[in-house]
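Please open the structure in a viewer and keep the sequence panel visible. This tour proposes a series of selections and states what is to be found at each one.

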Amino acid sequence: VFCHGNASCRLAAFRLVRVLLPLNIALACFDFSGCGMSGGKYISLGYFERDDLQCVINHLRDERGFNRVGVWGVSMGAATALMQAARDPTLAGVVADSPFADLCKLLEEVCYNAARVPAVLLSPVLNLVRWVIKRRAGFDIRDVSPLAHVGSCFIPALFLHGQEDDFVTPSNSERLARTYEGEAQLLIMPQTDHNSRRAEKFDARATLFLVRALRWEQHLPGASPEEALTSVMSRIQPRELPKIPDAVDQEIRSLLASGQRKDRHLGLIRAACELCVAYRGAVVMPCSAPQQNQERCPSRFKGQIVFASDQAEISIVWAQVHAGAGERVYFAMLSPTAVSLSEVALCRSGTAAAAATGAAPARGGAALPSGGSPLGLVCAGYCCQAVRPLAFGAPLGGSALELGKPHHVVLTIAGAGVQLSVGDITVGSTTSCSGELYVWLAQWGDGAVSPSLELERDDGPWGETPHPPQSPSRRSTHQAGGSGKPLEAAGSQFTEGLESLRFGMQQTLFSTDEGAVPADLELALAGARADRVALRSAIFEI
């Protein structure tokens, strides 16, 4: 079970897929409450996250039949894993990457390193923070202390920590390893900080530890764990971010430079598809709705969709130009298993940096001189500033929309928000849209199995304000409850999260402060782009 860190989500686990699955080790990844696609107002840095992890473990054992379970946690996830290990001695082992030893002590260290505030002056402030958090979020920050729990942990543990980590310093793992009651190994990773990508040799070392902790040697595809792991690692080649062809770049530039506003909106949509690797390879086409220059928000579209395959997917796409805030492209994704709304924020890039350095503006996938894009990709003068989740909905109980049967589709785009309904799945967002509106369709993969979708303007009477859905039989926006929730409720929410996992893989959605997608995740997704639907389903099934 992979436990992600703060300001991250389950997609952070995908770097381990290529290592664990060839060794016949299943990988379960999920979003903690308040992170990724899960709902919840607060995170607790491990206190309530233990309950989320416990629900995952219970589900794997009771519903999926797994009797050997290990935990791999990073940062907040590592602290969560250690505190859970103290109350669940049946775990096979724990890999703790960059855990903090004590939350209050960490806050003192961070404040001292940032502003040289001594602990004696910080103590009254921490007491106030402690009181506010306890009142609002329902937990005491003094209780978030893996160091207070590892003295009762007896399962094997491997501690990993970056030597150059100046946020959670290596001394945290050193103290935890010394206090740990069971077998504890400590590995300091040179030239590694808190958030940098882990070298494959450290992933291999941790994987070998898990193989032995799980007693999995007889299930490996090789003669020995070392040989099996060596074979797997030798097949993992470094991947380069795919370049944007010059011809595509020039074609998008021509659309953006067109005097037709419709063409400019299409250019923004195509640029978003090229810059966000999860959407690359999309075929963008007009929908059957009238595309007139005078079309404006609010607007409502209705129609029917027929899914030929449970892996079929299509997106309704439109662009918005916000004065002073850059351009936004919105994707309303439709599939038999889930529906979602997401936003890709575009910004101009390269021109200012080129003026300062005397270099030509970057284009066609060249790296930015100023690092203006998190990926260093530029298309037609634009870079991807952020990818943000807006709403997510999926069927309950493992069901899906019936194949070969027409399902009603209603899309409302207004100043008060956006609402999308497919069959009886409905999602909504308060994102404001205004001004000119041109709606397009984007599809991926084999056209023979692509959904059949027809839309038209709904000119009948309807209210401008989209109302949040209240259907009890379908999930609306992903609601995995907040901190302090009952264990049974969290278990139900995790079960629903499993059902949406394969759809969620296609979305590069993080709950980070910036909303940007890490470059290493984009690289992983780019490698899967050639057969993205098949890989998505394969990972879910395994």
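Two strands are said to pair if DSSP finds at least two bridges between them. The model on display is a predicted one, and the tour begins with one of its sheets.

**First stop: an antiparallel sheet**

Select β14, β13, β12, β7 and β16. In that order, these five strands make up an open sheet, and their pairing is antiparallel. Which strands stand at the edges? They are β14, at residues 425-429, and β16, at residues 452-457. Each of the two has a single partner strand, so one of its sides is left without a neighbour in the sheet. On average, neighbouring strands of this sheet are turned by 15° against each other, direction ignored.

Now restrict the selection to residues 299-306, which are β7, and residues 407-414, which are β12. How many bridges join this antiparallel pair? There are seven bridges between β7 and β12. To inspect one of the positions, select S299: its bridge partner in β12 is I413.

**Second stop: a parallel sheet**

Next, select β1, β2, β3, β4 and β5. These five strands also form an open sheet, in the order just given, but here the pairing is parallel. The edges are occupied by β1 (residues 2-3) and β5 (residues 184-189). Because β1 and β5 each have a single partner strand, one side of each has no neighbour in the sheet.

Keep β1 in view and add β2, which covers residues 70-74. The two strands pair in the parallel sense over two bridges. Select C3 to find one such position, where G73 is the bridge partner in β2.

The beginning of the chain also carries a record. In an unreviewed UniProt entry, residues 1-28 are annotated as "signal peptide". Select this span in the model: the C-alpha atoms at its ends lie 5 Å apart, and the span is 14% helix and 7% strand.

**Third stop: two helices that cross**

Two packed helices are described by the angle between their axes and the distance between the axes. Select α7, at residues 200-213, together with α8, at residues 225-234. Their axes come within 11 Å and cross at roughly 145°. The crossing of α7 past α8 is right-handed.

Show the side chains next. On α7, the residues in contact are E200, A204, T207, L208, V211 and R212. They meet P225, E226, L229 and M233 of α8.

**Fourth stop: cysteines**

Select the cysteines. How many disulfides does the structure hold? It holds zero. For C273, the closest cysteine sulfur is that of C276, at 8.4 Å, which is too far for a bond, since a disulfide requires sulfur atoms within 2.5 Å. C273 is buried, at a relative accessible area of 3%. C433 is also buried, with 1% relative accessibility.

**Last stop: two loop residues with positive phi**

Most residues other than glycine have a negative phi. Select L45, in the loop between α1 (17-20) and α2 (49-62). Its phi is positive, near 60°, and L45 is partly exposed, with a relative accessible area of 23%.

Finally, select Q191, in the loop between β5 and α7. Q191 is not a glycine, yet its phi is positive, at about 50°. Is Q191 buried or exposed? Its relative accessibility of 69% counts as exposed.

Key. Residues are numbered from 1 along each chain as its sequence is written. This is a predicted model: local features need pLDDT of at least 70, side-chain atom pairs count only at pLDDT 80 or more; totals for chains, interfaces and linings use all residues. Side-chain values use heavy atoms; hydrogens and water are left out. UniProt positions are given in the numbering used here, feature names are shortened, and annotations may be inferred rather than shown by experiment. Helices (H or I, at least four residues) and strands (E, at least two) are DSSP runs, numbered from the N terminus. Axes are lines fitted to C-alpha atoms, for helices over the stretch in contact, and angles run from 0 to 180 degrees between N-to-C directions. Buried means under 20% relative accessible area, exposed over 50%, partly exposed in between (1.4 Å probe, protein chains only). A crossing is left-handed if the near helix is turned anticlockwise from the far one by less than a right angle, and right-handed if clockwise. Contact means heavy atoms within 4.5 Å.
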